[in-house]
Amino acid sequence: MLGENCIESPILGQISPKDLSGGAKTLMLIYNNPNLVINASACGDNCVKWLLQMAEEKDIFIRLLHNMNFGTAFTIKVMNTNQVVHTMPELIQINSDILRG
């Protein structure tokens, strides 16, 4: 039996929640709280696959303080500007416009 301080992973076996990365913890928060805006800045580019997969199932809301590389095929709505983007150059331009104010 697993206690509250142990997670059974099919890949890693039994691990402590303390041993999970910040990105893994953030992905769990996003998945389990789709109506909240979650700061995903702890997520690296290795989380993109999972963010896009979650977004196919339900609307998710994240806040990013860096240009996460979403790859070549995606659809993201930037809430600050209400724009829908499909490429990294579009996303980077919008982010730079937002940061410039």
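Reader: How many nonpolar residues does the lining of the largest pocket have?

Author: This is a predicted model, and its largest pocket has a volume of about 910 Å³. Of the 30 residues that line the largest pocket, those closest to its centre are Ile62, Ile76, Lys77, Val78 and Met79. Sorted by class, the lining of the largest pocket holds 5 charged and 5 polar residues, and its nonpolar residues number 20.

Reader: Which elements each supply at least two residues of the lining of the largest pocket?

Author: Among the residues closest to the centre of the largest pocket are Ile76 and Val78, and strand S5 covers residues 76-78. The elements that each supply at least two residues of this lining are H2, S4, S5 and H3.

Reader: Which element gives the most to the lining of the second largest pocket?

Author: The second largest pocket has a volume of about 530 Å³, and of the 19 residues that line it, the closest to its centre are Leu20, Ala24, Leu27, Met28 and Trp50. Two or more residues of this lining come from each of strand S1 (7-9), H1 and H2, while by class the lining divides into 13 nonpolar, 5 polar and 1 charged. With 5 residues, the element that gives the most to the lining of the second largest pocket is H1.

Reader: Do the buried residues of H1 lie on the same side or on opposite sides of the helix, and why?

Author: The buried residues of helix H1, which runs over residues 22-32, are Gly23, Thr26, Leu27 and Ile30. Because they cover an arc of only 105° around the axis, they are placed on the same side of H1. In general, an α-helix has 3.6 residues a turn, so residues three or four places apart point the same way. For the buried residues of H1, then, the answer is the same side.

Reader: What covers the buried residues of H1?

Author: The cover over these buried residues includes pieces from further along the chain, among them strand S3 (37-39), helix H2 (48-57) and strand S4 (61-63).

Reader: Is Thr26 buried or exposed?

Author: Thr26 lies in helix H1, and, with neighbours within four places in sequence left aside, Thr26 is in contact with Ile38, Asn39, Ala40, Ala42 and Cys43. A residue counts as buried when its relative accessible area is under 20%. Thr26 has a relative accessibility of 8%, so Thr26 counts as buried.

Reader: What separation do the C-alpha atoms of Pro17 and Ile7 have?

Author: Pro17 is found in the loop between strand S2 (13-15) and H1, and Pro17 is partly exposed, with a relative accessible area of 27%. Leaving aside neighbours within four places in sequence, the contacts of Pro17 are Asn5, Cys6, Ile7 and Lys25. Although Pro17 and Ile7 are 10 residues apart along the chain, their C-alpha atoms are separated by 6.7 Å.

Reader: Which residue forms a salt bridge with Arg100?

Author: The count of salt bridges comes to 1, and its two partners both lie in helix H3 (residues 88-100), where they are 3 residues apart, about one turn of the helix. Arg100 counts as exposed at 63% relative accessibility, whereas its partner counts as partly exposed at 37%. The closest N and O atoms are 3.5 Å apart, and the residue that forms the salt bridge with Arg100 is Asp97.

Note on methods: Residues numbered from 1 in each chain as written. Predicted model: local features only at pLDDT ≥ 70, side-chain atom pairs only at ≥ 80, totals over all residues. Heavy atoms only, no water. Buried < 20%, exposed > 50% of the residue type's maximum accessible area, 1.4 Å probe, protein only. Helix = DSSP H or I, 4+ residues; strand = E, 2+ residues; numbered from the N terminus. Arc of directions from axis to C-beta. Contact = heavy atoms within 4.5 Å. Salt bridge = Lys/Arg side-chain N within 4 Å of Asp/Glu carboxyl O. 1 Å grid on protein atoms, 1.4 Å probe; cavity = no way out; pocket = protein on both sides within 12 Å on 5 of 7 lines; lining within 4 Å. Points joined across faces, edges and corners; volume = space filled by probe spheres on them. Nonpolar A, V, L, I, M, F, W, Y, C, P; charged D, E, K, R; others polar.
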